[in-house]
Amino acid sequence: MLKSLKQKDNVVAFIGRWTTRDAPVLQEADVGITIKTWSTEVTREISDIVLTSISSFSSLITILESSDQEYRKIQKFIQIQIISNMSALLITAVETVRLGESSLTIFHVLYLNLVLAFLGGLILVVNPQHKELRSNRIRKRKESIITMLMRINILLQVSYQVIIFLVFHLDREALHVPGVNPTNQDVRKAMIFNGFLLCQVFNHFHPLLDSGKNVIWLFLVPFTGLHVLGFTELCFKLTWMQWASCFLIAVLSWGIDSATINLSQSS
């Protein structure tokens, strides 16, 4: 039965008992479970989960809920990383081929990776304040961690960011932003970097919001404020209108993410 279930691409758990004949089955199963008082030493050693008593079966529900939460957090982390890396790679490649230089320098990429590592770490560490409803759909063994809705979100986000920033940099007259001189490349490069960074920061809004508003106010909002002040003082001074344009680009990117999340919840 176990082999038949695995051949059908199912993830199989097996609960072993007293007999040593359960040992090969426990080893073959994806998740082997034994009860300490109802099992042999051999079966306990090869089990993945050992329950202290039969009354501990309720803890399996907690384990399933925790594993499902961790799975969802990993999905969100992977999605954000793919969006940022693909967008940065395409923007850099096209600009380098077309102009011989890129608006995203090595310093910008390193700084971006540090920001994403910090915010991505928060997603993986903090626990959701409200438990998401678990889907009754059983995940298959070879099912990709990147779902169809994730692919759609990645495609839309990457397309939006690449198009908006490439047009902004390559076609000086395509976007008429108040306060931006079309011939001033330094201003345009600064706006592209800050707009791109804010797009990635805003994409962390929904995952961190699941962990409570305190996380947003303690980490995301202060970081955004410090980045604006630090970049203005240390790197290149942008006007409030130019910063508003960067935030508007990021808000539209966040809107795409919100739309796909609402679509996944309604489906």
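A salt bridge is a side-chain nitrogen of Lys or Arg within 4 Å of a carboxyl oxygen of Asp or Glu. In this predicted model, the count by that rule comes to 3 salt bridges. The legends below present these pairs, together with views of helix α4.

**View 1. K189 and E101 are joined by a salt bridge.** The N to O distance between the two side chains is 3.1 Å. K189 belongs to helix α7, residues 185-202, whereas E101 is placed in the loop between α4 and α5. The pair therefore ties together parts that are 88 residues apart in sequence. K189 has a relative accessible area of 19% and is buried, because buried means under 20%. E101, with a relative accessible area of 39%, is partly exposed.

**View 2. D68 and R72 form a salt bridge within helix α4.** Their side chains meet at 3.0 Å, N to O. The two residues are 4 residues apart in α4, and are therefore separated by about one helical turn. D68 counts as buried, at 7% relative accessibility.

**View 3. K73 and E70 form a salt bridge.** The side chains of K73 and E70 meet at 3.1 Å, N to O. Both residues lie in helix α4, where 3 residues, about one turn of the helix, set them apart. K73 is buried, with a relative accessibility of 6%. E70, by contrast, counts as partly exposed at 33% relative accessibility.

**View 4. Q79 is a buried residue of helix α4.** The relative accessibility of Q79 is 12%, below the 20% limit, and Q79 therefore counts as buried. When residues up to four places away in sequence are not counted, Q79 touches M150, N153, I154 and D257.

**View 5. Helix α4 spans residues 59-99.** The helix has 41 residues. From its first C-alpha to its last, α4 reaches 59 Å, which is close to the 60 Å expected at 1.5 Å a residue. Among the residues of α4 are D68 and R72, K73 and E70, and Q79. Just after the helix, G100 takes a positive phi of about 85 degrees.

Notes: Residues numbered from 1 in each chain as written. Predicted model: local features only at pLDDT ≥ 70, side-chain atom pairs only at ≥ 80, totals over all residues. Heavy atoms only, no water. Buried < 20%, exposed > 50% of the residue type's maximum accessible area, 1.4 Å probe, protein only. Contact = heavy atoms within 4.5 Å. Expected span 1.5 Å × (residues − 1).
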